[in-house]
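Let's take a walk through this protein together, starting from the inside and working outwards. Have the sequence and the 3D view ready.

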Amino acid sequence: ELRIMTYNIRTASRWALVAGKDEVFRRSWKERKRSVAKTIRIGGAVVVATQEGLDWQLSELTELLGKSWKWVGGGRVGDGSDEDEHAAVLFDSDRVDLLSSNVFWLSETPEISSKAWGAALPRIATHARFRFDSTTEFGLVNVHLDHSSEHARTMSAKLLKDKLFSHNHELTFLAGDFNAPKDEQWYTHLTAAESLLSDAWVHAENTSCGSYGQTTYNARKGSRLRTPP
């Protein structure tokens, strides 16, 4: 069984600690990193798409998960700074083999660190390819769409669809933090029939989400279980 998880682990930046009040509410990375690792273990994930993690934060997380866990990806700025968040892909190397990986930006110049279409920040994606059970190959694209610009999210979705079309010969998963409800154009573009993508929520037998699947984030407020009739 192949289990894939997407998880915004929240940046451990100085901004999050002070302005984001992580220190005040006792939710700093130091205080919650073991719970993050425990959540991944309980979920039984083999591959995990994470958002916001910094380089050292991801290294600490994989160390907590065990020696077989690795990660690939790059920072959205590329300077290793406190703002250099990643859309990384973590994986258990005992369960899957990494075949290749690359990073691209959600912009008109995807090969370099950049932002476009009114995005507040540079937005990044990581594409990793794996082999599972020695025979099955699959790709995973992990994204973190812009939080402030609907136009940027729409254009990013168009770019992602083009990228995914170039790999339509293989099983591909798209995961991430899309920062928006599903009634926006980004969702329409990605789930249109010609995109070859379908929403996992729609097909799941059991679903758990505080917003009942209509949005793509829960603002870290937990979730409730719903079993469809």
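In this predicted model, the largest nonpolar core has 20 residues, and the members that touch the most others are Leu-106, Val-141, Val-143, Leu-145, Leu-160, Trp-186 and Leu-190. Three elements, E7, H4 and H5, each give two or more residues to this core. The top contributor is H4, with five. That fits a broader pattern: in soluble globular proteins, nonpolar side chains tend to be buried together.

Val-141 is a good place to pause. Setting aside residues up to four places away in sequence, Val-141 touches a long list of partners, among them Phe-104, Ala-125, Leu-160, Leu-164 and Phe-173. There is also a second, separate core, this one of 16 residues, including Ile-9, Trp-29, Val-36 and Ala-37.

Now for strand E7, which covers residues 136-144 and has Thr-136 in it. Is Thr-136 buried or exposed, or something in between? Thr-136 comes out as partly exposed, because its relative accessible area is 34%, and the partly exposed class sits between 20% and 50%. Beyond its neighbours within four places in sequence, Thr-136 is in contact with Phe-130 and Arg-131. Try finding Glu-170 too: Glu-170 and Thr-136 are 34 residues apart in sequence, with 9.5 Å between their C-alpha atoms.

Next, the charged pairs. Side chains of opposite charge can pair when their charged atoms come close. How many salt bridges does a search of the whole structure find? The count is twelve.

Start with Arg-3 and Glu-1, whose closest N and O atoms are 2.9 Å apart in their salt bridge. Glu-1 is exposed at 68% relative accessibility, while Arg-3 is partly exposed at 40%. Another salt bridge joins Arg-26 to Glu-31, with 3.4 Å between the closest N and O atoms. Here Arg-26 counts as exposed, at 65%, and Glu-31 as partly exposed, at 41%.

The pair of Arg-153 and Glu-184 also forms a salt bridge, at 2.9 Å from N to O. Arg-153 sits in helix H4 (residues 150-165) and Glu-184 in the loop between strand E8 and helix H5, so their pairing ties together parts that are 31 residues apart in sequence. Both Arg-153 and Glu-184 are buried.

Finally, look for Arg-10, Asp-22 and Arg-27, which are linked in a network of salt bridges.

Conventions: Residues are numbered from 1 along each chain as its sequence is written. This is a predicted model: local features need pLDDT of at least 70, side-chain atom pairs count only at pLDDT 80 or more; totals for chains, interfaces and linings use all residues. Side-chain values use heavy atoms; hydrogens and water are left out. A salt bridge is a side-chain nitrogen of Lys or Arg within 4 Å of a carboxyl oxygen of Asp or Glu. Buried means under 20% relative accessible area, exposed over 50%, partly exposed in between (1.4 Å probe, protein chains only). Helices (H or I, at least four residues) and strands (E, at least two) are DSSP runs, numbered from the N terminus. Contact means heavy atoms within 4.5 Å. A nonpolar core is a set of buried Ala, Val, Leu, Ile, Met, Phe, Trp, Tyr and Cys residues joined through side-chain atoms within 4.5 Å.
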